[in-house]
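Reader: Here is a chain that I have not met before. Could you take me through the terms and show what stands behind each one?

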Amino acid sequence: MSGIALDIALDTLFRRNVAARPQARAIHDIDGVVLTYAGMANAVAGVAEQIASLNLVPRSSVALLLPNGRELAVALLAVLRAGHTPVPMPIGWRKSDLVRACREAEAAALVTTAGFSAERLPELATEVAIEVFELSFPCAFGVPLPDGIVPLTLSPDGERTFANAPISHSSTPGIGTLEPASRGVRLVHHLDGELLAAGLGAMLAGSVQSGDRIVSAISLTSFAGLASAFVPWLLSGGSLTLLPDLPGKDAIEFDNQTHVVACEGALASLLAPGSSPVASVYAVHFGGTAPRTAFPATNSETVVDVIAIGEVAAIALPRRERTIPAALPLGKIHAGNAGEGSPVIVETRIESDQLLVRGAMVPRSVSPDQEWLDTGYGARPDGDAACYVKRPDSLLAMGALRFDFPDLERRIRSAALVSDIGISSHPVLGSKLVIASERPEQTARELLDAGLPRIVAASVRKSEVLRAKAG
């Protein structure tokens, strides 16, 4: 089996961009704030110093509860710079999910922000820290902050901080992501080489060029988000705009050097017919793929499907037919699907109707020695050399948020009295959770009080209304 050897550190890639293009735009947030590479370098180094001052054990896990934006991008790089493992967590999770996730990650610190809408994330962080023994340092950007929170400052000023920081070419501790599992979540640890293999494949599939702009509505809390946006940004040295999961299109401007990343169903809300042409569109599939024609017409040179196979693979495939997702090739998949001359980033095969993978992007933490890994995803053959990927029956994928359905159902029923719980298809989210209750408002409050995510509480409907629709 041929492979790929990417031994450069993510932090080194970022530093090279800083040295080559210090005054170029690095981050352009949805609120209009722009950081140059020099400004972002200072912010990263400053936050890294503050995290280092906590005196954590080397390579500790640091949970990141931050919205998709500049604070998350800076925190990812700063935690790596400080010699620790960042573990980004979905902003949609509430207390019970975060407690389980921080315990699984053995997080020693948690970084959040006071500047996220009406959400009281610093207060939530203190509540989580009370219940997680290992979590000694809840930290937050912004003001005001409650007692017990370590304040962090994100400043693009102060060149001394960056200039005095030593440059290390050794690998960083890597990044952890979380996937739903029975009665909890499972931590998957991705080393630099695994992230770079996935990101290189995504960058080449969409022909991302040096200096291009990447606009992503996929949070950096998943392997697919890191592979399709964060790592291609580091590799290309362009600019990065991070959006909420379901952004309004009026606040975004595109051009022919822009690459747009979003869940397949959400792309229609971003790219209205007649909008400015873009270089490429990345349709991210969290729940498998199918030969269907739900993709909107877009004014783009290239359409790329990113098939997220849990947290172990994110395979980017250029789409040959504009309205039909690409089937997953069986066998060796080369970076950018460019043929035998390019490195192999992952291999696939089918065994007993299940999809197996191995290769450079597959995390060694779950696949030691590059043995074949049973992904738990089904595979429907498309001829002899390709297949379409089917999500596990236990997986509920609502946009970029995913849950183990049996586990979620148990938690819902233990928190509130409900008539029925089911899953239906949704044109934007992919899957939709439907909770029937005789008292929907009370049930929704009880679910929130039990620490379940807001997207779950918002799924409650009155039983008689659902019965009327069914009739």
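**Surface, burial and an enclosed space**

Author: The accessible surface of the chain comes to about 19000 Å², of which 50% belongs to carbon and sulfur atoms, with areas taken from the Shrake-Rupley method with a 1.4 Å probe, where for residues only the protein chains shown count as cover. This is a predicted model, in which local features need pLDDT of at least 70 and side-chain atom pairs count only at pLDDT 80 or more, while totals for chains, interfaces and linings use all residues. Residues are numbered from 1 along each chain as its sequence is written, and side-chain values use heavy atoms, with hydrogens and water left out.

Reader: What makes residues of the chain count as buried, and what percentage do?

Author: A residue is called buried because its relative accessible area is under 20% (exposed is over 50%, partly exposed in between; 1.4 Å probe, protein chains only). Of the 471 residues, 56% count as buried.

Reader: Why is a space called a cavity, and how many of 30 Å³ or more are there?

Author: On a 1 Å grid over the protein atoms alone, a cavity is a set of points where a 1.4 Å probe fits but cannot get out, so enclosure decides the name. By this rule the count comes to 1 cavity of 30 Å³ or more. Among the 18 residues that line the largest cavity, the closest to its centre are Trp93, Leu178, Pro180, Val185 and Arg402; a lining residue has an atom within 4 Å of a point. The volume of the largest cavity is about 180 Å³, a volume being the space filled by probe spheres set on the points, which are joined across faces, edges and corners.

Note on methods. 1 Å grid on protein atoms, 1.4 Å probe; cavity = no way out; pocket = protein on both sides within 12 Å on 5 of 7 lines; lining within 4 Å.
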